[in-house]
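User: I would like to learn how to read a protein model feature by feature. Please give the general idea first and then the case at hand.

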Amino acid sequence: MSNINYDLRKIRGVAFDVDGVLSPSTIALSPEGEPLRMVNIKDGYAMQLAVKCGLQLAIISGASSRGVEVRYRGLGVQSVNMGASVKTEVLHRWMESCGLKPEEVAFVGDDVPDLPAMAEVGLSVTPHDGCPDARAAAMYISPAAGGYGVARDLLEQILRAQGKWMSDQKAFGW
């Protein structure tokens, strides 16, 4: 049973912001000043399984990080968009290239730059610690904080609603 008041059987694509969603809002800096991001292993498991189950996933981040790109491409995410200053433009291109209608898409964001993209999809989601504006705009507020299982929470609920969570052998491997 889902905690989300939306027909999750309709969802065919999910787009994620990175900082504050797939990684915590606080990041370490390398000695050279490069932002270093943490990732959640359970998020990664759910993302690679979602891809295997046929969901379209996208990363749409305003930041630029080679490490982020390597991580999510390694999980099978084909649309990794870094340095996206206007996220709605990237979101619309991705939706069009995948043949997705707004009601078939979820967007997960946590801060003011994500608000326009959150308004363009059927299901808007924010982490528990999303900014007040993101929380007000979200149809679903995950109980997980950014970087601590937001993707797992959402994707598990979607895949369960679609009968794809642990439904065959592909669920038990990477």
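**Reading the chain**

Analyst: Start near the end: Met166 sits in the segment after H6, where helices (H or I, at least four residues) and strands (E, at least two) are DSSP runs numbered from the N terminus. This is a predicted model, in which local features need pLDDT of at least 70, side-chain atom pairs count only at pLDDT 80 or more, and totals for chains, interfaces and linings use all residues. Residues are numbered from 1 along each chain as its sequence is written, and side-chain values use heavy atoms, with hydrogens and water left out.

User: How do I read the phi of Met166?

Analyst: Most residues other than glycine have a negative phi. Met166 is not a glycine, and its phi is positive, near 55°. Gly163, which follows H6, also has a positive phi, near 70°.

User: Is Met166 buried, exposed or partly exposed?

Analyst: Buried means under 20% relative accessible area, exposed over 50%, and partly exposed in between (1.4 Å probe, protein chains only). Met166 has 47% relative accessibility, so it counts as partly exposed.

User: What span should helix H6 have?

Analyst: The expected span is 1.5 Å times one less than the number of residues. H6 covers residues 150–161, so its 12 residues should span 16 Å. Its end C-alpha atoms are 17 Å apart, which agrees.

User: Which residues of H6 are buried?

Analyst: Val150, Ala151, Asp153, Leu154, Leu155, Glu156, Gln157, Ile158 and Leu159. That is nine of the 12, so the helix is largely enclosed by the rest of the structure.

User: What do the buried residues of H6 pack against?

Analyst: Contact means heavy atoms within 4.5 Å. The partners are one helix, H1 (41–52), and the strands S1 (13–16), S4 (56–60), S6 (105–108), S7 (123–126) and S8 (140–141).

User: Take Asp153 in H6. Which residues is Asp153 in contact with, leaving aside neighbours within four places in sequence?

Analyst: Tyr140, Ser142 and Pro143. Asp153 has 16% relative accessibility, so it counts as buried. Glu32 is 121 residues from Asp153 in sequence, and their C-alpha atoms are 34 Å apart.

User: Where is Asn3, then?

Analyst: Asn3 is in the segment before S1. Its relative accessible area is 59%, so Asn3 is exposed. Not counting residues up to four places away in sequence, Asn3 touches Tyr140 and Gln157. Asn3 and Tyr140 are 137 residues apart along the chain, yet their C-alpha atoms are separated by 8.4 Å.

User: How many helices and strands does the chain have?

Analyst: Six helices and eight strands. From the N terminus on, the order is β-β-β-α-β-α-β-α-β-α-β-α-β-α.

User: What radius of gyration would a compact globule with 174 residues have?

Analyst: The radius is taken over C-alpha atoms, and the globule rule is 2.2 Å times the number of residues to the power 0.38. That gives a value near 16 Å; the chain has 15 Å, which agrees. Along the principal axes, the C-alpha atoms fill a box of roughly 45 × 35 × 30 Å. Of the 174 residues, 50% count as buried.

User: What share of contacts joins residues at least 24 apart?

Analyst: Among contacts between residues at least 6 apart in sequence, 57% do.
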